[in-house]
Amino acid sequence: MRKKPPVLSVNNYSVSYYTANGPLRVLDDISLNIYPGEVLGLVGESGSGKSTLALGIMRALHERKTDESGEILLAENSLTVMNEEDLKGIRGTRVTMVFQDPGGSLNPTMTLGEHFVQLLDRHRNLDVNETKAETQRLLKMVELSDPDMMVNKYPHEVSGGEKQRVVIALAFACDPELILFDEPTSALDATTAINILDLFRILQKKTGVSALFISHDLGVIREIAHRVLVMYAGRLLEMGRNDELFTTPKHPYTRALLGSLPKVGIGIRNFTLNTIPGALPDRTITIDGCIFANRCDFVMPSCRLGEFDLKGDSIHKVACPISTKILDTKSVSNSVNSVNSESNKNFKELLIVNSLSVHFSRPDIIDRILNREIPTVHAVNEVSLKLRYRETLGLVGESGCGKSSLARALVGLRKFKGRVSLGDQKIDNINQINGAYRKRIQIIFQNPDLSLNPRHNIATILSRPLKLYQPVSEKKLQKKISELMNRVNLPNRLSTRFPYELSGGEKQRVAIARALAAEPDVIICDEITSGLDASVQASIVNLLQNIQRENGVSYLFITHDLNLLRFIADRVAIMYLGEIIEIRDIDKLGSPPYHPYTEALLSSAPIIDPNIKCRKIHLKGIIPSRTHQIPGCPFETRCPRVLGELCRKERPETQHIGLNHQITCHLDIKKLEAVTPIWSKQITDTTHAN
Amino acid sequence: MSTKYIIKRLFYLGVTTLVVSLLVFSITQILPANAATMLLGQYATPDALEALEKKLGLNLPAHEQYLRWLVGVIQGDLGDSLRSGLPVNETVFLALGRSLLLASFSILGVIFIAVPLGMLAAINRGKKVDFIVSFVSYIGISLPEFVLATLLLVWLSHPEIALFPASGYIPITEDPILAIWHMALPVITLTVILTAHIMRMVRSEMSDTLQADYVIAARLRGLSERTVLFKHALRNSLLPTITIIAMDVGYLIGGIIVVEEIFAFPGVGRLLIVAIQERDLPMIQAGALVMAFTYALSNLAADLAYVYLDKRIQYE
Amino acid sequence: MNSYLKRIALQPHGAVGLILLLVLFFTVTIGPVVAPYDPEKFHYSSRLAAPSLEFWFGTDHFGRDILSRILWGSRSTVLLSLLATIIGTFVGCTVGVCSGYIGGKTDEIFMRFIDALMAIPNLLLALLILTVLGANATNAVLAIGISFSPGMARVSRSVTLSIRSSDYVAAAVARGESSIWIMTREIAPNILGPIIVEATIRVAFAIMLLATLSFLGMGSQPPTPEWGLMISESREFMFRSTWTILWPGIAIAIVAITFNLLGDALRDVLNPRTD
C-alpha cells in the first residue's frame, strides 16, 4: 500500500477566516496523505477545524472571507491552482462528499430519482434508459429495498437512514477516487448508524475507493478507519494505524480524550470520568509552541517554544517530543476515583409510574363535524416504572421512542392518562399537579441554548426557582445564588452574564443549578449531554454524580448513549415505540437474558477498547407508524428473533427475572438466557476486521 | 391533494366572506346621515321621510336589515343604487371586469420583470446589479401610487409631450390598441410599484435558498451552475413567491382605487370612491364586498397552488 | 442598546437610514422654526413659481412657499404616522400575544376574525372607517391604526407561538410560573425584536397611507400643509408647475425610505445570517 502514490496529498495547508476580531487561524500547516484503498479517520472535537479541511479539499471555502496557503493534490493534479471550470469537472466525479445531515443534501422538492438523473446527465452522458438502469443499480448497491418505488419518492417520505444511503449512492455514482465524509452518522440513530458504517465498509472493499472520514466520535472512527489522525484546534497531534493509536496512544490529548470516554465491558458505576481542564485556545492570537500546552497534564517549559510537527515512523507519528517520557505502562482506563457508595437496592421507592400514556391528536373542525376518527399519535403507551431514593434510572431509546414525551408528562408539560405517585402524592392527570409536586420533581432539557431565556442573565435565571419555592430576603437570595453556582463549579463572575456569553458546558451547568435550586427529590435529565463534546460531557456526568452523593437526589437519566449510562445509572429502562420493553441492572448489562431489541442496541454501541469484541446484530425492516394502535409487540417488524403470528397479534407479557430485571417479550426466558453474551474478551490483540 | 384540505379552505373562505360582509355592513350602517334624508334632501317632510324609510326597509332593526341584504347578495341581488336607482349588480360587475383587466396586465408585467430581476440580484448578491436592483426597489416601495401616477401624468401626459392620454377609457372590444394606450399609464404605475415589492421578495427568497445545504451539496456534486440555479434554487424560491404575489393583490386593490381615481378609469375602485363621496350605501357595500372577496379568493388560490406544489405539505 | 446602534450603523442601509432619521428629526423639531415663510401666507405676485433664490422650492397656486409648507407639514406627516403605527402595534400585539399564548379554540376564533379583517385591504378599510367617522386628520390616524392591527396581531401571534414552544418557556411552565409571569417576563422580552422590526416598516406604510388618504380628501383637510394634501390641491395646476407635485412627492418618499431602511437594518441586526 505504501508503494503506490497517494490519492490525496495535503501539504502545509493553512486556512484563516477574516473576522471582526482579526484573522482566525482555523487550520495550521496541515499535511497528510491518503493512499489508494485507504480510509483515513480524522478525529477532533467541535471547533477543531475538521469540517473546514473537508470544504477546503473540495475548494468550497468562501473566497472573500478566507485566506488559504499550501497545496492540495488529487493524485497528480493540484486542486489549489485549478480554476473553477476544471474543479467543476472533478467534483462529483473524482472527489465526492457526504455530509452530516442527510436531509440537508437532498432537495426537498425533487424526487430521489431526479437527483440521480441530474448527476448522471452531467457527468456520464447516458441516455434515458441507461440512466434509469444505472439509478436502479446504484440504489440496489446501497441496499435500498424497492428501487423502483424509491425513485419516485421525495426526501421527506423516507427515513434518515434511507436518505443517507441515497447520498452515499450519489457519492459512489461516478466511481470516485476519494470520498469525504463529514460526520455522516452523527445525526442517525445508533442502530441505523451501524448499518450505514457496515454498508460503507463493504462498498469500500469492493471499489477500493479512498476516504477521509471525519467524526468526533472515537467509536465510529475505530470501526471504520485504517489510519487515524487526531486534530486539535487546527493542528495535527497524532497519526497512527487504527489499533496502534487506540491501544497505545502517545499524545497526552489523545490519551485524555480516550480517558474521558466511558468504556464498555466493566462494571464501573462509581468511577469518575477523566476530564480535560481548560478550554480551546483563542485562535485569533498566534500561539507559540504546542497548541495543547495550556491543558496538558504533562506540560513542561520547553513545550511553549518552537514548532511541533508530527514525528515518528510510518505507522505511528506524534507531535509531542516528550511523549516517550510520559508514556507509562498504565493503559488508558478511567481514573480509579471510586467512591464507596452503599448498594441502593434496599432504598424505598420514591416515584412510581403506573400505566402512563401520552397521546397527541389534532382534531380538525371537519373531523369534529363529520365525527371521524382523529389521527392520534400514541407517543407513550402504558408505561410503568419505579424510581427509588438516591437511585439513577437510565431511560434509553432511539429517536421517536417517546422518552421525551414521558419526561414532559411527568413534570406537567403534557397531558397524560395513568397514575404518577411521588412519595405520598398521587397524580392522575395534569390538573392535579401543584406547586408541591413541581418542587419535588425538576427537569433539565437537552439544549441549553433553548432552555435558558436569552434575555435573562444567570442571576435572574437562578433566582426564579428560589423565589418560587423558598422565598427569602434579597440578601439571602444573592447568597443562595452564589452557593448554587459554587455547587456546579461556575465562577461567581458569570452571574451577570447572559447565556450567549457562556460555553455549552457552562450553560448546561446553569440549567443543572436551576433544577437544584428547588431542592428536588427527582431530577429528570432529558439528553442533557447529547450536544456536548466528550470531555465536557465527562465533567457534567461527574458533577451529577457528586450532587447525588451529597444531596441524595434521584435521577431519571434519558440518553441514547449506552456507554455513558454505565457511568451514571444503577438500572436502565429501555423504550421502543412508546413502550418499556426491558428494565434491568446496569452492572449486569453485558449478561443475557436480553430483550432482542436491547441486544441490537447494545451491539450498536461502538467499542474502543481493543480487548473487547462485540457481536454484531443488524436490524432490518420498517418501523411501524405510531398513529395506529399496535395490537401485538411493537418490535415485531424488525425483531431478529420474531416468533411470527404470535408477536404480531398478541401483546407480550412482562416477565420478571430476579429482583430487578423484567423483559416484555413472548420468548421464553430460558431461551433468552441461553443467548451468547454481546461482549466478550479478545484473547489475542487481533487487528480490527479491515 | 386531499379533498379534505380543499373543503376546509373553502369553508374558511365562506366564513371569512361572511365576517367581511358583516363588517362592511355594520360599518356603513353607522353612517350618521340616514339614507332617506340623503335622497330626499334636508327639507323633506317627516311623512315623506317615513314613507321612503319604510320602502327602503330602513325602519327595521339592524340585524334584519343585514339578513335581508345577505339573502339578496346570495341570490345575486346587491341592492339598488341610491343615486341612480338602478340595480347595483350590473354596474359593479362591469366595473370589476375593467379593474381585473388593469390588474391582469399589471400582474403580467410584474411576473416578467420582477421575477427575473429579483433572481439576478440574488445571484449577484453584493455586486453592482444587486445594488441597483435594491436601490430601485427601495424607491419603489416608498412611493405611494398617487405620487407616481401624478408624476407620470406630468411627465408623459403633458400637453406638450402627450405620449399617453391622461384619462379616458375605451372598451377593449372596441379598439384594442387604443384601449391599451389609454390603460398604459395606470398599468405602468401599478406595475412599477408592485414590481418593487415583488422584486425584493424574490431576491430575499432566492438569497436564502442559494445558501441552503442542498444547493451547496448540489454544487459539490459538480452540477452545472445553470442546473443549480434553475432546477434547485429557482424552483424552491418560486413557492413562497406565489404566496407573496397573492398577498400583493391586496396592495393592488389599494393601488387600483387610487390609480383609477387619478386616471378617471371606470373600474370598481373609482366606483367606490364616487359611492363614498355620494353616500351611496348599497354601492359602497357591494364594492367593498366584491373587492374583499376577490382578495380572499386570490389568497385561497395561492394557498391551493402552494399546497399543490410543495410536496411536503401535501404529504400531511 | 449602544451595541445595537453600532451594528445598525455598520450596515450600509442602516447607516443611510440613521443619517436620514437624524435629518428627519431635525426637520420635525426645528424645521418649522427655520422655515423662511409662513406656510399659509399667500404671495400673489409669485404663484406657481419655479425654484429661485427667493423661494427655494418654488410656490404653489396660492403663492405659498413650498419649502416652508413642507417643513411645517413634516410634523403632521411624521408624527401622525408614528401615532397611527403605535396604536396599531399596541392593539395588534395585545390581541396577538394573548391569542397565541392562550391557544386552543380562543386562538382559532380570534384568528378567523383577524383573517376576515385582513381580507379587506388597508386602504379600503381605512376609507370605510373614515366614511363612518368623518374625514379629518385625527380620524385618519385612528383608521390607519385600526387597519394595521390585524397585521400586527398576526405577526405577534406567530412570534409568540414560536417562542411558546421553546424549552425555556417549557421550563417556566414546569416550574409552575404564573401565566402572567410567563407572558410578561419570558415571552414579551423575546418578541420585542421582531415586533420592532415590523413596526418600523409599518411606519413607512402609515406615512404613505396617510398621504394617500389626504390626497383623496379623507385625511387632513386644507389648509394643513400635509404633503399628500399638497399634491391633491395642486393637481389642477400640475401641467403648469411640476414643482408643486415633485417636492412633496420626494419628501414622502424620503421619509418612507428612511423607515424602510431602518426596518431592514434592524431585521438584519436582530437575525444575523451566518456566513
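## A tour that starts at Phe498(A)

Select Phe498(A), which counts as partly exposed because 16 other C-beta atoms lie within 10 Å of its own, between the 12 or fewer of an exposed residue and the 20 or more of a buried one. Keep in mind from this stop onward that the model on the screen is a predicted one.

With Phe498(A) still selected, follow the backbone to either side, and you will find that this residue sits in the loop that runs between helix H18 (474-487) and helix H19 (504-517) of chain A. Leaving aside residues up to four places away in sequence, Phe498(A) touches Pro454(A) and Asn457(A). Now add Ile581(A) to the selection: 83 residues separate Phe498(A) from Ile581(A) in sequence, and their C-alpha atoms are 42 Å apart in space.

Next, colour chain A by pLDDT, which averages 85 over the chain, with 92% of the residues scoring at least 70. Among the elements of chain A, the lowest mean pLDDT, 60, belongs to helix H13 (residues 365-370), while the highest, 95, belongs to strand E19 (residues 522-526). Then go to residues 685-690 of chain A, where the pLDDT is below 50 and where, beyond near neighbours in sequence, the stretch has six contacts in the model.

From here, turn to the place where chain A meets chain C, and select the 19 residues of chain A that are in contact with 13 residues of chain C. On the chain A side, helix H15 (435-440), helix H16 (448-451) and helix H17 (458-469) each supply at least two residues, and H17(A) gives the most, with three residues. Coloured by residue class, this side of chain A divides into nine nonpolar, six polar and four charged residues.

Move on to the contact between chains C and B, in which 34 residues of chain C meet 38 residues of chain B. The elements of chain C that give two or more residues to this side are helix H4 (104-118), helix H5 (122-133), helix H8 (179-215) and helix H10 (243-270). The residues on this side of chain C divide into 25 nonpolar, six polar and three charged.

Finally, show chain B by itself, and trace its 13 helices from the N terminus on, with zero strands to be found in the chain. Of the 316 residues in chain B, 41% are buried. Among the contacts in chain B that link residues at least 6 apart in sequence, 69% join residues at least 24 apart.

Methods:
Residues numbered from 1 in each chain as written. Chains lettered and ligands numbered in written order. Predicted model: local features only at pLDDT ≥ 70, side-chain atom pairs only at ≥ 80, totals over all residues. Contact = placed C-beta atoms within 7 Å. Helix = DSSP H or I, 4+ residues; strand = E, 2+ residues; numbered from the N terminus. Nonpolar A, V, L, I, M, F, W, Y, C, P; charged D, E, K, R; others polar. pLDDT = per-residue confidence, 0-100.
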